[in-house]
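Reader: I would like a close look at one part of this structure, the sheet and what packs around it. Please keep the account plain and connected.

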Amino acid sequence: MSERSGAESVDQYATLPSGLTICFRDFGDRTDPVILLIAGLGEDLTFWTDSFVGSLVGRGFRVVAIDNRDAGQSTFVTTPPPGLWRQIAARPRADAYALADMAQDAIGVLDHLGISRVHLVGRSMGGMIAQTIAATAPERVLSLTSIYSTTGARKVGQPALSTIRLLAAPPARSRTAAVRAHLRLTRHIAGTGHPIDDAAEAAIAARGWDRSAGEPAAGTARQIQAIQRSGDRTAELSRITAPTLVINGDRDRLVEPSGGAATVRAIRSAQHVVIPGMGHHLPEALVGPVTTYISQHANRVGEGGNHVRIS
């Protein structure tokens, strides 16, 4: 039965050979080509809003969204999180996991569902995970879309000092505090051209807090550590052969736009879309344009046509 008319789904779970459990939701007609959505740092799968998922389903895609490890309803690992100064100094603990481990989590969900190849879409840290899958498991990837992400090189894609100060604030210990912290950070990084909806953002943050199966601050710290442990992935990205689309804004205070440019330079024949006024956020006003770019990119690959530059 086709489910293209809506984006409703329920939490499902895949227990992986590693022993971790990864939560996912599965939307749309099961016979349609699959888009795998991978969320960013500290985000759960519901940060991909209903309108975003619904737009992709309405364009003829089956959409699978996952909670990364240490987020949402997925396993929160038991290793201690790095302290603040270790994060600032980019000195991961010896027991830190890496982006490659998170990439294997995503592949494990695909194996669980019996899905052989997908269109990968990741944002921020999720873009890094998607890049890693495309570089290390090319047989699983039809196309890659990397949204406001970077290569891990230290001289590109770095947060503004003002953003670092916000990220270094004491972690929220309650639902109310989590909502306030999310609104404060989102207002700061969302860019100048596309205002956020405070009520919608508060609902997203509250839902994320409610879905958290562990301690969110510790999970986010371990995810930061995974990025740092993975280091500069430029050489790895050069091995990506899947048709690649890189999307970022020109007003990003969390992953400076140089990160998108560096990603394009690293990946052979990657296409680049820079959205004026966009920051490190996908507000409702950008759902239509961004899902259009994603679907056009995926459809060109599916049709087997030449991969031409998007204007």
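Author: What follows starts from the whole chain, goes through the sheet and its helices, and ends at one buried residue. The model is a predicted one.

The protein chain has 11 helices and 8 strands. Its radius of gyration is 18 Å, close to the 19 Å that the globule rule gives for 311 residues, so the chain is as compact as a globular protein of that length. The C-alpha trace spans about 50 × 40 × 40 Å along its principal axes. Of the 311 residues, 53% count as buried. Among contacts between residues at least 6 apart in sequence, 78% join residues at least 24 apart.

Now the sheet. It is open and built from 8 strands, in the order E1-E2-E4-E3-E5-E6-E7-E8, with mixed pairing. Strand E1 (12–15) and strand E8 (271–275) stand at the edges; each has a single partner strand, so one side of each is left without a neighbour in the sheet. From one strand to the next, the twist averages 20 degrees.

Within this order, strand E3 (residues 34–38) and strand E4 (residues 62–66) run parallel and are joined by 5 bridges. Ile35 has Val63 in E4 as its bridge partner. Helix H1 (residues 50–58) packs on the sheet here, where it touches strand E2 (21–27), E3 and E4. The direction of H1 makes about 165 degrees with that of E3.

E3 also has a part in a second helix contact: helix H4 (residues 125–136) lies across E3, strand E5 (118–123) and strand E6 (141–147). H4 runs at about 145 degrees to E5.

H4 in turn packs with helix H3 (residues 99–113), at an angle of about 75 degrees and with the axes 9 Å apart. That angle makes H3 roughly perpendicular to H4. On the H3 side the contact is made by Leu99, Ala100, Met102, Ala103, Ala106 and Ile107, which meet Met125, Met128, Ile129, Thr132 and Ile133 in H4. By class, the residues of this contact are 10 nonpolar, 1 polar and no charged.

Met102 of H3 also appears among the contacts of Arg69. Arg69 sits in the loop between E4 and helix H2 (84–88). With a relative accessible area of 9%, Arg69 is buried, because the cut-off for buried is under 20%. Neighbours within four places in sequence left aside, the contacts of Arg69 include Asp101, Asp105, Tyr97 and Gln223, as well as Leu20 and Ile22. Ser74, Thr75 and Val77 are also in contact with Arg69.

How values were computed:
Residues numbered from 1 in each chain as written. Predicted model: local features only at pLDDT ≥ 70, side-chain atom pairs only at ≥ 80, totals over all residues. Heavy atoms only, no water. Pairing = 2+ DSSP bridges. Helix = DSSP H or I, 4+ residues; strand = E, 2+ residues; numbered from the N terminus. Axes fitted to C-alpha atoms, helices over the stretch in contact; angles between N-to-C directions. Contact = heavy atoms within 4.5 Å. Parallel < 35°, antiparallel > 145°, perpendicular 65-115°, else oblique. Nonpolar A, V, L, I, M, F, W, Y, C, P; charged D, E, K, R; others polar. Buried < 20%, exposed > 50% of the residue type's maximum accessible area, 1.4 Å probe, protein only. Rg over C-alpha atoms; globule rule 2.2 N^0.38 Å.
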